[in-house]
Structures are given as C-alpha cells and as structure tokens.
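These are my notebook entries on a structure of which I wished to see the fold first and some local details afterwards. I set down each point as I looked it up.

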Amino acid sequence: MLSAVLCVHIYLVTRPKTPDATTIVMARVDFKQDINQEDADKITNWLYQQKGIDHVLCNPATDILIFTFFPVKTSANEVVENLKANFKYSKMVRFIPSEKDLQGGCPVASNSFSYKAYNFIRHIF
Amino acid sequence: MLPCILITLAFAPSCKKSSSSSPKTLYDSLGGTTMVADPSNPGTKIEQGRLGIRSVVDSTIFIIAADTSINKYFTVLLAEVTAGNLSGFSALSKNLTDFFCVATGAKDFTYTGKSMTAAHDPAQNSRMNGKADAADFTQFVNDLVAGSKKNGLSDQIIGRLGTIVNTLQSQVVQR
C-alpha cells in the first residue's frame, strides 16, 4: 500500500507539466544546403521579429539554425513553416531527435534517481 | 553563555579581516554575490556572478548545438519539456550553471550531478553513449571560449576559466 502511494506521489511530482510563461524550448533547423553569412543575418533578424522567439543563432559554417522559443506563444513547427515561406531554402528541415538520440549523450543532464524513478513509474502507468 | 558571546565578539573582527584578504575567486570577478535584476525573470534578482556564468553557459550551449563536431552528444537539448517543467535546454543550462558556479567559487549553490569522471564513463552513466576523446574536449573548450567572448569576458577572465576547465580534462577524456 505504501509503495503504491509512493509511486503515485513520485508520478505526480515528476510528471511533465504544462509549459508556463517562463518555459523555454530549443529547436534546430538543418538547411541541408549552403547558406551564406548575409542570409544567416537576414534569417536571424527575421526570426527576432517573430512572436515567441527568445534567442537565435544561425551558423553558416555548419548550415544549422538554433533558436529558443516560448511554447506558450508559438511552436517550432509554426516557426519553421513560416521560415520556409519567407526564405528560399526549401530543403530545410526541423531536426527532431529520436527517443534513442535522447537516451544518449549530454552527461551533465545525467540520470538522477528521481528521473529514473519517474521513467520507471511512467512505464507502469 | 556570556563567555561564549565575548569569545565570539573577540574573534569576529579578525575573522572578517582574514576573509576580506582572501584572494578573489573567479566568481567574485564576475560580480560575485551582488544582487542584480534577472533579465530572464522580470521582477526577480540573481547574483551577478551567477548571471555572468549563466549567460556564458547559454551562449555556449547555442554554439555547441550548431557545432556538428560535438552536437551529437547534446541532442537532449532539443527535448521539449521533461519532468519539473524544464525543457532539455533549460535543464542543461541550470545544471551547467550550477556546476560552473561551484567550480568558480560560488558559495550559495550546489552541484548535485555526477562527478565528471562518472558522468563521462559509459559504464557508470547510461546517457553517455561513448567515451569522449581529446578532440571532443578541445572543441568543447573552443565553444566555451566563443561563448565567453560573445558575452564580453576579458581574455584574462577567459584564461582563468580555461584553467578551471582544463583541470577536468583527465576526468572527461577517457579514451
């Protein structure tokens, strides 16, 4: 009985919550073609004028765009669709990591006990 | 009771003197515990040293995320929202900021993650999908320097930060 109560408690405490006004999410766009510095600057300036954008970095050396946004104001897919509509880089795609990608790397965000417990209990429910 | 108070008072000035003569930590050089407005959270205050470190960390994370030589280790940055209402970006920003605050001499924060050796050892950390090599570490340092420059840190401060980071190389590089 106590174990069940503990499981419910951990689930309630650690479950993903609805994003609020301070939640920031990062997204990545791969252009899949060469972009130059001038266009990188144009894209950066254009993005900063869009609703819900927090910060932007467009790297012409790797042809990758990184931006953070407030999910209560916009979504990454909406931003990317608008980007495609306004710029000539039709091959661009939003990079979405797979479950497997998310399991690896980034050692500083390593599994804490609560994270392991959350995942364990999430699979039960 | 009274003798205790007298002893405490007698030692208080000397304690203060010794602490004021202690060398400035890197955290102090970045503004230390002076409270300033937090630009990311209107209406709240943040230690200036932590704000400086968080700014460098966030800039560095952006650079790493767009750096194809090491961004494969950091795809978790692109996770939307996880437990505790933090996205992968926010969680890494907080963890790295905590780590560097402690490493640079902050007293008001703690880093509760794994040790650098354990964190980078696939046998001890299932998130680590392979051992990092010297080139990975060098590229991380390069990105950290670029992030520091974006935030206007002086070469002298960057050098001190580099000294701290380089002490971690033997723990991080495991092949």
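What pattern does chain A follow when read along the sequence? I note at the outset that the model is a predicted one. Reading along chain A, I wrote down α-β-α-β-β-α-β-α-α. That gives five helices and four strands.

**Entry: burial and contacts in chain A.** I looked up how much of chain A is buried and found 22% of its 125 residues. I then turned to contacts in chain A with a sequence separation of 6 or more, and 64% of them are between residues 24 or more positions apart.

**Entry: positive phi in chain A.** I looked for residues other than glycine with a positive phi and recorded two cases, K32(A) and D63(A). K32(A) has a phi of about 60°. I located K32(A) in the loop that runs between β1 (25–30) and α2 (37–48) of chain A. Is K32(A) buried or exposed? I counted 11 C-beta neighbours inside 10 Å, so K32(A) is classed as exposed.

For D63(A), phi is near 60°. This residue also sits in a loop, the one between β2 (53–59) and β3 (64–69) of chain A. Here I found 20 other C-beta atoms within 10 Å, and D63(A) is therefore buried; the cut-off for that class is 20 or more.

**Entry: layout of chain B.** I next went through chain B from the N terminus and noted the order α-α-β-β-α-α-α-α-α-α. Chain B thus has eight helices and two strands. Of its 175 residues, 38% count as buried. Among the contacts of chain B between residues at least 6 apart in sequence, 51% join residues at least 24 apart.

**Entry: helix α4 of chain B.** Helix α4 of chain B takes in residues 88–103, 16 residues in total. I checked its span from first C-alpha to last and obtained 22 Å, close to the 22 Å expected at 1.5 Å a residue. How many residues of α4(B) are buried? I found 13 of the 16, and I have entered the helix as mostly covered. After α4(B) comes G105(B), for which I noted a positive phi, near 110°.

**Entry: packing of α3 and α6 in chain B.** Two packed helices are described by the angle between their axes and the distance between the axes. I looked up both for α3 (residues 48–65) and α6 (residues 134–150) of chain B: the angle is about 130°, and the axes are 8 Å apart. The two helices are therefore oblique to each other, since angles over 145 degrees would be needed for roughly antiparallel. The crossing of α3(B) past α6(B) is right-handed.

Which residues of α3(B) and α6(B) meet? On the α3(B) side I listed V56(B), S59(B), T60(B), I63(B) and I64(B). On the α6(B) side I listed D143(B), L144(B), A146(B), G147(B), S148(B) and K150(B). I sorted the residues of this contact into five nonpolar, four polar and two charged.

**Entry: N142(B).** My last look in helix α6 of chain B was at N142(B). It has 16 C-beta neighbours inside 10 Å and is therefore classed as partly exposed. I also compared N142(B) with C101(B): the two are 41 residues apart in sequence, and their C-alpha atoms are 20 Å apart in space.

How values were computed: Residues numbered from 1 in each chain as written. Chains lettered and ligands numbered in written order. Predicted model: local features only at pLDDT ≥ 70, side-chain atom pairs only at ≥ 80, totals over all residues. Axes fitted to C-alpha atoms, helices over the stretch in contact; angles between N-to-C directions. Parallel < 35°, antiparallel > 145°, perpendicular 65-115°, else oblique. Left-handed = near helix turned anticlockwise from the far one by under 90°. Contact = placed C-beta atoms within 7 Å. Nonpolar A, V, L, I, M, F, W, Y, C, P; charged D, E, K, R; others polar. Buried ≥ 20, exposed ≤ 12 C-beta atoms within 10 Å, placed from the backbone. Expected span 1.5 Å × (residues − 1).
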